[in-house]
Amino acid sequence: MVGRLIDGVCGERGEGEGHREMAHGTSLDQQWKRIQGKLKEEVGDTAFRSWLQPLAVQGKRDGEVAIAVPTRFMRDWIETHYADRIRALWANEDPQVESIAIVVASKPASAGPPETDDNESARRPEPVVRKELAVAHRGDWETADSVRTAFRGPPAPPAPPSDGPGPGEERDDLTSPLDPRLTFENFVVGKPNELAHAAARRVAEAQSVTFNPLFLYSGVGLGKTHLMNAIAWAIRTRAPSRKVIYLSAEKFMYHFVRALRFKDTVAFKEQYRSVDVLMVDDLQFITGKDSTQEEFFHTFNALVDQNRQVVVSADKSPSDLDMEERLRSRLGWGLVADIHPTTYELRLGILYAKAEALGVRVPQRVIEFLAHKISANVRELEGALNRIVAHFELVGRPITLETTQELLRDLLRANERRVTIDEIQRRVAEHFNIRFADMASARRTRSVARPRQVAMYLAKTLTSRSLPEIGRKFGGRDHTTVLHAVKKVEELRATDQNFAEDVELLRRMLET
Ligand code: ADP
Ligand code: MG
């Protein structure tokens, strides 16, 4: 599947070699007519008119059909919801067609350059695939075709709401587009996320509201948005009549501010208050903005009172949010589930799952290496894997530990653990069963002094702190004391096997 993406790109690269054959009432147009007919049957009139009718076929080259859309927003929407289907239908019509490129051209039907839009990509229609590869190089394949098709997405794309702006306009639906990759099937469950996952499942499957709200929180890139999308997909499949709204807090804010400006707040309230499930992602963004906070609070209460499900996510717990007290406490009434940082095992599981979905065999050593080294979050982990796979597909060199290290040098450096002296002191104290306070105390008995020396040694070798800085952290000791400790520990490591193992164990614990 990656191969297909790459082919498309290589095709684009062959500059000068021929140009797109334009569709002047040729069979390409006829094929498109038939495909449009099928699409209309599949998605219904309204969705067809809003999204698919404005599309115009531009031409075909190297097994790739280019389809023009008037705006970038539409391109993204079509990409997310319909491109795979169009590709499949086209392959039925013409087996030579391997891929579809959705391009932005403000005058889709004409071959000439569009006159509006200051955007470079709009001036010269540019296949999305090329764009996506550029993104892939930065290690982020959020919208990469290959990934999207590789993951089993839910079958039926959602139909856009029937009213609202006409086709082609930059519309702002209440709900944000869902990412077809973000389903429960594609979510790897492990210790750090099992509670959040179970709660999300429950919300998606329950007949009645069990806990309200479900509050998900974690650091970035650990799966909150994934779980919320998964809930929405699951409900759409299981109970399509339920009205589910998923949007970012920023978008909520934007809608509200706009409603204020157009004095349309009644309609605003009605819209939100008529939903069955409201999911607001990244709630931390509405902190501080008083009137929006207030409005969210009212909406929230109204929904909860009517026994509608609310799901929110944030980067911190309700009590740590910078919000009004009553909202904070209200948010904590349901179930609060945090997703913990990934463990090595979970990272392994995710890498295996993603490699399989990409259809690429990645050596176990490389997977283990990545799981070990890239611990910041899942997004980075995915990015790293995608980078390696893209490189492999482009250059054709086998994936090895060496190429991996080479390719990911910058990412690996950023992921090097920055251990703090506090952490070292805590770990070492735990390990030797002494009090944390003794790291800085004046006590000199061997049982305390030796662990303290080990901690100083580790502070010197694992952090970039200077000797005087380290000394200060250990109860204001002199830098020569630290130096002495380092020498002493090195000496002991060389002569005492058990001691050496102890230190090694601690080092490893602190580094992973
Ligand atoms: P957050 O919203 O917490 O910042 P996301 O949900 O956007 O994080 O996750 C970042 C990326 O990592 C997404 O591509 C998501 O699919 C992936 N991801 C996170 N957790 C998992 C998991 N447990 N299994 C599979 N993919 C995951
Ligand atoms: Mg998110």
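Select helix α15 (residues 344-358) and helix α17 (378-395): α15 passes α17 in a right-handed crossing. A crossing is right-handed if the near helix is turned clockwise from the far one by less than a right angle, and left-handed if anticlockwise. Helices (H or I, at least four residues) are DSSP runs, numbered from the N terminus. This is a predicted model, in which local features need pLDDT of at least 70 and side-chain atom pairs count only at pLDDT 80 or more, while totals for chains, interfaces and linings use all residues. Residues are numbered from 1 along each chain as its sequence is written, and chains are lettered from A and ligands numbered from 1 in the order in which they are written.

The axes of α15 and α17 lie 10 Å apart, at an angle of about 40 degrees, which makes α15 oblique to α17. Axes are lines fitted to C-alpha atoms over the stretch in contact, with angles from 0 to 180 degrees between N-to-C directions; under 35 degrees counts as roughly parallel, over 145 as roughly antiparallel, 65 to 115 as roughly perpendicular and the rest as oblique.

Next, display the side chains between this pair. Arg347, Ile350, Leu351, Lys354, Ala355 and Leu358 of α15 meet Val378, Leu381, Glu382, Leu385 and Val389 of α17; contact requires C-beta atoms, placed from the backbone, within 7 Å. By class, 8 are nonpolar, none polar and 3 charged. Ala, Val, Leu, Ile, Met, Phe, Trp, Tyr, Cys and Pro count as nonpolar, Asp, Glu, Lys and Arg as charged, and the others, Gly among them, as polar.

Val378 leads to ligand 1, where it is among the closest residues, with Gly223, Lys224, Thr225 and His226. The shell has 17 residues, each with its C-beta atom, placed from the backbone, within 6 Å of the ligand: 7 nonpolar, 7 polar and 3 charged. Helices α10 and α17 each supply at least two of them. Ligand 1 lies between domain 2 (191-338) and domain 3 (344-415), because both give residues to its shell; the domain bounds come from an automatic or database domain assignment.

From the ligand, follow α10 (residues 224-238) to α9 (residues 194-205), where the axes are 9 Å apart at about 25 degrees. The two helices are therefore roughly parallel, and their crossing is right-handed. The contact includes Ala196 and His197 of α9 and Leu227 and Ala230 of α10.

Finally, select α21 (residues 446-462) and α23 (residues 479-495), whose axes come within 8 Å and cross at roughly 95 degrees. That makes α21 roughly perpendicular to α23.

Note on methods. Two residues are in contact if their C-beta atoms, placed from the backbone, lie within 7 Å.
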